Amino acid sequence: MNYEAPRRYSQGRHYGVKRQQDFAADVVSRGPYGPYDNTMKGPYKRSRNLVWKAPGGNRPKQNEVNGSTKPPVLGTRCSVSNQPRKNSVYGPKSSPISDTRGCGSRDNSSTKKIVCKYWKAGNCNRGEQCQFLHSWSCFPGLAMVAALEGHTKDIKGITLPQGSDKLFSVSCDGTLRIWDCHTGQCVHTINLQAEAGSLISEGPWVFLGLQNAVKAFNVQTSKDLHLDGVVGQVHAMTVANGMLFAGTSSGSISVWKATDSESDPFKYLTSLEGHHSGEVTCFVAGGQLLYSGSVDKTIKVWDLNTLQCITTLKQHINTVTSLLCWDKCLISSSLDKTINVWACSDNGSLKVTHTRRQQQSVHALCGMHDAEAKPIIFCSYQNETVGIFDLPSFEERGKIFSTDTISTLTVGPDGLLFSGDKSGNLRVWSLAAGTKV
């Protein structure tokens, strides 16, 4: 069986809809930006003047086109230039902790790669004499530029919609918060009166996964919709091939088709039943294929044209937590403390070509390009750290530190990265001139 090479892409649509909605009144439309996909030759074509945009930084180089039909070999050491740049790590203005010393410290001993637990708590009195790291990150050019406080429980989704200068976040505390990108202030807190399990955006549309429903609203027109057809708590969503997919606690996947109708912009198509035997935890789309991960330890591969499940991948021995398409490879993470890299074998089936075994369970993955246009991957671990690695070598480049396990990682425009942890801490990071993988 021939498989399309998994690639990340975006297929957003604009819908002409009009209806006022109460809490969307302050979601003011700014100039839209184009979502990054593999057809673009550089970063986002239009920037917004965000308060947390990092100063300076070189523009990334144009990516070279890999004409080889063979997938790159991941996990093998390769010659990768990693010249250190001036460290620009600093903390948010609102933070009581000064983030003044990062990887640029003169002491390069191994203890400098471990963050000081007393500094994290705000009470280290050793200052420069401390043998441990005093920084929220250890990666040249990566800066934590804002700490957004308000959520009190696990953050389940963070998104910055196209055409908006408002950041959206949702948490297990039952609230959806809207943050002003210019001031960093929370301008709206919506009590959902229900548990939220997922939050994504595509174009100007924001999708919120709830119990037995998906809520959709348009940040440009204030159109507000309630999408029926869901059975169970929605824990994962994605948009691919003009369709919205919502995975639930029952293992089913509900599907809606985008239309050009103002009155009915999303038409319910079907529910994919009887495949996953447990909660659907994550999605990623690549080419004409959709991949879904589950607590049943499997990854299902779906044909986006027929909506048929064409194969099941069974290499993990615990919950599949995150999926990422990069080049010709599928990358999966799990609570079984592994990261698997899948590629097409000679007979066309997907096989694991590399397994990276960790000491901690892996909770989230995301990828972007650094300032030199080199692909890097962020891997969130149970031990309150995020490892940053080169692709395809998986050579460690740095770390991000937190006060709890980071469960949500989202890449934004212009090198922005958003992280949310299980205690409700939402942080905004900036990597100069970074772009989405």
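Here are some worked exercises on a predicted model of one protein chain.

**Exercise 1. Get the overall picture: how many helices and strands does the protein chain have, and what share of its residues is buried?**

Start with the secondary structure: the chain has one helix and 30 strands. Next, check burial. Of the 437 residues, 58% are buried. Then turn to the surface, where the accessible area comes to about 18700 Å², with 45% of that belonging to carbon and sulfur atoms. Finally, look at the contacts with a separation of 6 or more: 52% of those in the chain are between residues 24 or more positions apart.

**Exercise 2. Find the residues that touch the most other members of the largest nonpolar core, and list the strands that feed it.**

Step one is the head count: the largest nonpolar core has 25 residues, and Phe378 and Ile400 touch the most other members. Step two is to map this core onto the strands. At least two residues each come from β2 (142–148), β23 (362–369), β24 (375–381), β25 (385–390), β26 (396–401), β27 (406–411) and β29 (426–431). Apart from this core lies another one, with 16 residues, including Ile200, Met237, Val239 and Phe266.

Step three zooms in on phenylalanine 378. Skip its neighbours within four places in sequence, and its contacts are Ala364, Leu365, Cys366, Met368, Val386, Gly387, Ile388, Ile400, Leu409 and Leu417. For background, nonpolar side chains in soluble globular proteins tend to be buried together.

**Exercise 3. Classify two aromatic pairs by ring geometry and say which strands they join.**

A search of the whole structure turns up six aromatic pairs. Let's take phenylalanine 168 with phenylalanine 217 to begin with. Their ring centres are 5.8 Å apart and the planes sit at 40 degrees, so this pair is tilted. Phenylalanine 168 is in strand β4 (residues 166–171) and phenylalanine 217 in strand β9 (residues 213–218), so the pair ties together parts that are 49 residues apart in sequence. Both phenylalanine 168 and phenylalanine 217 are buried.

Now do tryptophan 205 with phenylalanine 266. Here the centres are 4.9 Å apart and the planes are at 80 degrees; the cut-off for edge-to-face is over 60, so the pair is edge-to-face. Tryptophan 205 belongs to strand β8 (residues 205–210) and phenylalanine 266 to strand β14 (residues 266–272), so this pair links parts 61 residues apart in sequence. On burial, tryptophan 205 has a relative accessible area of 0% and is buried, and phenylalanine 266, at 7%, counts as buried too. Add Phe207 and you have one aromatic cluster: Trp205, Phe207 and Phe266.

One more ring deserves a look: arginine 427 lies over the face of tryptophan 136, at 3.9 Å from the ring centre.

**Exercise 4. Why do cysteine 124 and cysteine 116 not form a bond?**

Take the distance: the closest cysteine sulfur to that of cysteine 124 is in cysteine 116, 3.8 Å away, which is too far for a bond. The cut-off for a disulfide is 2.5 Å. Apply this rule throughout and the count is zero disulfides. As for accessibility, cysteine 124 is partly exposed at 22%, whereas cysteine 282 is buried at 7%.

**Exercise 5. Which residues other than glycine have a positive phi, and which peptide bond is cis?**

Begin with the baseline: most residues other than glycine have a negative phi, and most peptide bonds are trans. Now go through the backbone cases.

- Asparagine 212 has phi near 65 degrees; asparagine 212 sits in the loop between β8 and β9 and is partly exposed, at 38%.
- Lysine 297 has phi near 80 degrees; lysine 297 is in the loop between β16 (289–294) and β17 (299–303) and is partly exposed, at 39%.
- The bond from leucine 391 to proline 392 is cis, with omega near 10 degrees, and proline 392 is in the loop between β25 and β26.

**Exercise 6. Describe the surroundings of lysine 337.**

Locate lysine 337 first: it is in the loop between β20 (329–334) and β21 (338–344). At 38% relative accessibility, lysine 337 is partly exposed. Then list its contacts, leaving out neighbours within four places in sequence: Arg356, Arg357, Gln358, Gln359, Gln360 and Ser361. Lastly, compare sequence with space: lysine 337 and glutamine 358 are 21 residues apart in sequence, with 5.1 Å between their C-alpha atoms.

Methods:
Residues numbered from 1 in each chain as written. Predicted model: local features only at pLDDT ≥ 70, side-chain atom pairs only at ≥ 80, totals over all residues. Heavy atoms only, no water. Helix = DSSP H or I, 4+ residues; strand = E, 2+ residues; numbered from the N terminus. Buried < 20%, exposed > 50% of the residue type's maximum accessible area, 1.4 Å probe, protein only. Contact = heavy atoms within 4.5 Å. Core = buried A, V, L, I, M, F, W, Y, C linked by side-chain atoms within 4.5 Å. Areas by Shrake-Rupley, 256 points an atom, 1.4 Å probe, with all protein chains shown as cover. Phe/Tyr/Trp six-rings, centres within 6.5 Å; stacked < 30°, edge-to-face > 60°. Lys NZ or Arg CZ within 6 Å of the ring centre and 35° of its normal.
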